[in-house]
Amino acid sequence: MDQLQPRQPVPSASDTLLETRRRLLKGGLAAAGISLLGVPEWVLPVMAQGAVLVPFTDVPADANFTPTPDRRTLDTRRIDGPITPADQFFTLQHYGHPTVDIANYRLTLSGLVERPLSLTLADVRSLGSQDMVVGFECSGNRGPLQGASGNGRWTGVPLRTVLERAGGLKTAAREVVFFGADGAEEEVDWRGRKFPVTVKFGRSLSTEKALSPEPFLAWALNGQPLTTHQGAPLRLVVPGWYGVANVKWLMEIRPQQERYVGKWQAREYRTIKGEMVDGVMKWYETAIEEMRLKSWVARVTREGTRHRVLVVTLNDGTPLRSVEVKVDNGSWQPATADASTTEKYGWRFYTYDWPNPTPGEHTLVSRVTDANGQVQPEPDALANKVTFLESHQQAPRTVMVS
Ligand SMILES: Nc1nc2c(c(=O)[nH]1)N[C@H]1C(S)=C(S)[C@@H](COP(=O)(O)O)O[C@H]1N2
Ligand SMILES: [Mo]
């Protein structure tokens with residue numbers, strides 16, 4: 001998996017991030033994409049009238065968010081409400097967009113179901129319909145912009161209802177595997193030999209998770225049919241889990257007895273982390289499942305002399321106890337929960353009113369604590385996590401107050 005950062009305009013030797021930062025520090029705001037009035041041109045229409053963005057110095061003001069077919073990240077400084085519009089929802093996939101014949105679409109239930117069958121989209125939709133607000137991020141999402149994250153209202157049917165339609169699972173089933181329409185011919189390594197295999201994007205859930213009430217098959221986002229980007233016509237959504245679980249262009253559901261160890265389950269998406277056990281460093285390799293407790297500073301706005309910090313959180317659905325913000329070397333200050341974001345599996349917004357910041361550069365960081373007393377790790381607490389997935393540590397940001 002490659003970098004999930006926004007694509008910057010190709011930098012010339014003199015136009016690096018550091019350079020932008022230096023220009024900002026020198027007060028050359030126009031050069032950094034700020035208009036003469038001191039108002040960034042990309043001020044949010046949705047921010048309170050007269051509110052302006054306080055520029056971050058850890059990303060260029062004119063960072064380029066032009067999407068490619070395989071990568072679209074959200075400019076999180078422009079978040080304008082709890083629901084991410086479908087055309088701004090981050091998207092990524094590993095084999096490009098497959099061609100799915102929507103008119104003749106069939107979802108196949110194979111393997112250890114009592115009655116193997118295939119369903120049209122209308123069949124699936126006839127099983128029932130419910131809405132759920134679910135936010136998720138790619139497990140590769142990380143700072144400073146955290147753009148591989150989104151929050152939407154999904155419409156679909158519980159997975160277990162669909163499994164029941166196939167007569168339920170045979171008792172031997174231990175996992176349920178989900179395959180997308182996308183894939184490729186690949187050389188799969190095994191003991192130093194390579195085998196040509198047609199690989200489909202696949203992920204599995206334990207039968208216990210698959211039969212739990214939450215996972216569902218979705219055909220709509222924010223009231224509109226899924227677009228190709230979002231996995232039309234049908235995708236899996238596993239609330240509280242990292243994005244990789246949410247198999248798009250879903251074609252086949254296959255309960256099986258064996259552990260599924262396909263590439264996107266067992267190899268590409270895993271965390272390798274060292275932990276000291278009795279004074280000895282031990283290495284653990286784990287799968288990517290529930291989202292870890294995370295918060296991040298999305299933006300700072302100024303309205304008159306009033307400065308406000310917006311913090312966004314995501315986790316596995318455990319209720320939250322508090323969110324706090326720290327400025328420079330100050331003490332942690334409580335942030336206020338936004339009443340518009342109370343969904344269990346959705347983004348939660350918190351705001352912190354920053355009293356009288358002095359002109360100049362400041363560092364801001366947020367931390368979230370859940371109802372079990374679990375605290376978001378310190379910025380350097382995950383140093384022994386050598387793969388960048390699950391980067392949920394506190395993420396300091398720098399802003400320039402004028
Ligand atoms: N079929 C298929 N589903 C997929 C993927 C993929 O490559 N193929 N990528 C996964 C990953 S890694 C992420 S982060 C999410 C992204 O979902 P989105 O594009 O709707 O934001 O889709 C997941 N589902
Ligand atoms: Mo991902």
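Biologist: Which strands each supply at least two residues of the shell around ligand 1?

Modeller: Keep in mind that we're looking at a predicted model. To land in the shell, a residue needs a heavy atom within 4 Å of the ligand. Two strands each put at least two residues there: strand 3 (91-92) and strand 8 (175-190).

Biologist: And which residues come nearest to ligand 1?

Modeller: The shell holds 20 residues in total. They split into 10 nonpolar, 7 polar and 3 charged. From that crowd, the ones that come nearest are Phe90, His94, Asp182, Arg235 and Lys248.

Biologist: Which residue has a backbone N or O atom 2.6 Å from an oxygen atom of ligand 1?

Modeller: Let's go through the backbone contacts. For Asn246, a backbone N or O atom sits 3.0 Å from a nitrogen atom of ligand 1. For His94, the partner is an oxygen atom of the ligand, at 2.8 Å. The 2.6 Å distance to a ligand oxygen belongs to Phe90.

Biologist: How much of ligand 1 does the protein bury?

Modeller: Picture the ligand by itself, and it exposes 530 Å². Put it back in the protein, and the share of that area buried is 100%.

Biologist: What is the volume of the cavity that ligand 1 takes up?

Modeller: The structure has 2 cavities of 30 Å³ or more. The ligand's space is the largest cavity. Its lining has 21 residues, with Leu92, Arg235, Gly243, Asn246 and Lys248 nearest the centre. Its volume is about 270 Å³.

Biologist: How do the residues lining the second largest cavity divide by class?

Modeller: This one has a volume of about 50 Å³. Its lining includes Leu74, Arg78, Asp80, Gln88 and Trp347. By class, the lining comes to 5 nonpolar, 3 polar and 2 charged.

Biologist: Now the backbone: where does Pro144 lie?

Modeller: Pro144 follows Gly143 through a cis peptide bond, with omega near 0°. As for its place in the fold, look at the loop between strand 6 (130-137) and strand 7 (149-158).

Biologist: What is omega for the cis bond joining Ala232 and Pro233?

Modeller: You'll find Pro233 in the loop between strand 11 (224-225) and strand 12 (235-237). The peptide bond that joins Ala232 to it is cis, and omega is about 5°.

Biologist: What about phi of Arg191, is it positive or negative?

Modeller: Arg191 lies in the loop between strand 8 and strand 9 (193-206). Arg191 is a residue other than glycine, and its phi is near 50°, so to speak on the plus side: positive.

Terms used. Residues are numbered from 1 along each chain as its sequence is written. Chains are lettered from A and ligands numbered from 1 in the order in which they are written. This is a predicted model: local features need pLDDT of at least 70, side-chain atom pairs count only at pLDDT 80 or more; totals for chains, interfaces and linings use all residues. Side-chain values use heavy atoms; hydrogens and water are left out. A polar contact is a pair of N or O atoms within 3.5 Å; within protein, one must be able to donate a hydrogen and the other to accept it, and residues adjacent in sequence count only if both atoms are side-chain atoms. Accessible areas come from the Shrake-Rupley method with a 1.4 Å probe; for residues, only the protein chains shown count as cover. On a 1 Å grid over the protein atoms alone, a cavity is a set of points where a 1.4 Å probe fits but cannot get out, and a pocket is an open set with protein on both sides within 12 Å along at least five of seven lines; lining residues have an atom within 4 Å of a point. A molecule sits in a cavity or pocket if more than half of its atoms lie within 2 Å of its grid points. Helices (H or I, at least four residues) and strands (E, at least two) are DSSP runs, numbered from the N terminus. Ala, Val, Leu, Ile, Met, Phe, Trp, Tyr, Cys and Pro count as nonpolar, Asp, Glu, Lys and Arg as charged, and the others, Gly among them, as polar. Grid points are joined across faces, edges and corners, and a volume is the space filled by probe spheres set on the points.
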